[in-house]
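Here are two short exercises to work through with the model open beside you. Try each task before you read its solution.

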Amino acid sequence: MKTITETIKSKLLLRDVQVDFYLPENIQVTPATPLLLINDGQDLIKMKFDEILDELYSVGSIQPVCFVGIHCGTDRRNEYGTVGILDYKGRGAKAGLYEKFVFIELMPLIYEHTGVEKFFQQAFCGFSLGGLTAIDLVWRHPDLFQTVGVFSGSLWWRTLSQDHEDFDEENHRIMHQKIRAGNYAPHLRFFFETGTLDEVADRNSNGIIDSIDDTISLIAELQHKGYPDDHIAYLELKDGRHDVTTWGRAFPYFLKWAWPA
């Protein structure tokens with residue numbers, strides 16, 4: 001495994017964006033090599049992502065993949081989120097700019113760096129709010145992506161505070177509404193991970209913590225839309241928390257499901 005770091009002086013986000021490439025050793029990246037974009041790329045360093053990949057490659061568990069970790073900025077809660085719809089606190093105001101950054105500034109760098117003009121398989125994943133952003137961008141661009149991974153996704157992202165008397169989780173969770181109102185793209189595949197200790201909140205008092213509840217209900221929306229079971233994977237880690245260590249535990253499950261050797 002070889003890692004290479006590049007910096008994009010983004011005119012769209014008005015900041016330097018660090019990008020880490022994790023490339024298979026001694027294997028040329030080609031259009032047939034899957035590309036995985038990863039939000040919160042700084043967390044990959046903390047989880048020792050290179051060591052995780054070395055282990056998976058050494059035992060032949062996954063195909064060679066071109067991994068690109070995108071480091072977040074200080075204004076993460078505005079750059080991430082759902083494009084076109086702010087949450088109830090007005091967060092996600094730069095999500096549209098982040099989307100443009102991915103296609104206008106990031107992808108050309110990847111093509112130049114790898115020498116590939118177009119990848120036949122492109123995927124996106126992320127952690128927490130980065131996971132919400134990943135599924136939003138994949139859902140918005142099914143012509144460009146095939147697979148998404150959501151680790152402890154912020155699927156609670158909503159347009160109305162849960163303390164508001166009119167709050168209704170069925171109508172005010174943004175990503176659920178986007179799935180419900182969107183078009184069916186039969187090739188899309190979805191991986192979700194949650195931990196049983198992701199949080200303690202249980203807003204509807206049904207005995208299931210919100211992170212699990214929101215994930216399961218989003219899966220139900222996808223199933224209702226028409227996605228078959230083999231296009232949806234759900235991993236619930238016992239004692240898993242909302243942290244980098246847990247996401248590092250979950251990542252091999254995602255990769256072996258998405259790109260088995």
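The exercises below concern a strand and a loop residue in this predicted model.

**Exercise 1. Place strand β6 (residues 147–151) among its neighbours, and find how its residues are covered.**

*Solution.*
Step 1: Start with the partner strands. β5 (residues 122–127) pairs with β6 in the parallel sense, over five bridges. β7 likewise runs parallel to β6, again with five bridges.

Step 2: Follow the chain from β5 to β6. Together with helix α5 (residues 129–140), these strands form a right-handed β-α-β unit.

Step 3: Pick Phe-151 in β6 and look to either strand. Phe-127 stands opposite Phe-151, and in β7 the bridge partner of Phe-151 is Glu-193.

Step 4: Sort the side chains. Thr-147, Gly-149 and Phe-151 point one way, while Val-148 and Val-150 point the other way. Five of the five residues of β6 are buried, each at under 20% relative accessible area.

**Exercise 2. Locate Arg-203, and list the polar contacts of its side chain.**

*Solution.*
Step 1: Find the segment. Arg-203 sits in the loop that joins β7 (189–197) to α8 (210–225).

Step 2: Gather the surroundings. Beyond its neighbours within four places in sequence, Arg-203 is in contact with several residues, including Trp-156, Phe-167, Glu-169 and Asp-214.

Step 3: Check for polar pairs, using the cut-off of 3.5 Å. The side chain of Arg-203 makes a polar contact with the side chain of Glu-169 at 3.0 Å, and another with the side chain of Asp-214 at 2.4 Å.

Note on methods:
Residues numbered from 1 in each chain as written. Predicted model: local features only at pLDDT ≥ 70, side-chain atom pairs only at ≥ 80, totals over all residues. Heavy atoms only, no water. Helix = DSSP H or I, 4+ residues; strand = E, 2+ residues; numbered from the N terminus. Polar contact = N/O pair within 3.5 Å; in protein donor to acceptor, adjacent residues only side chain to side chain. Contact = heavy atoms within 4.5 Å. Buried < 20%, exposed > 50% of the residue type's maximum accessible area, 1.4 Å probe, protein only. Pairing = 2+ DSSP bridges. Right-handed = clockwise from strand over helix to strand, strands pointing away.
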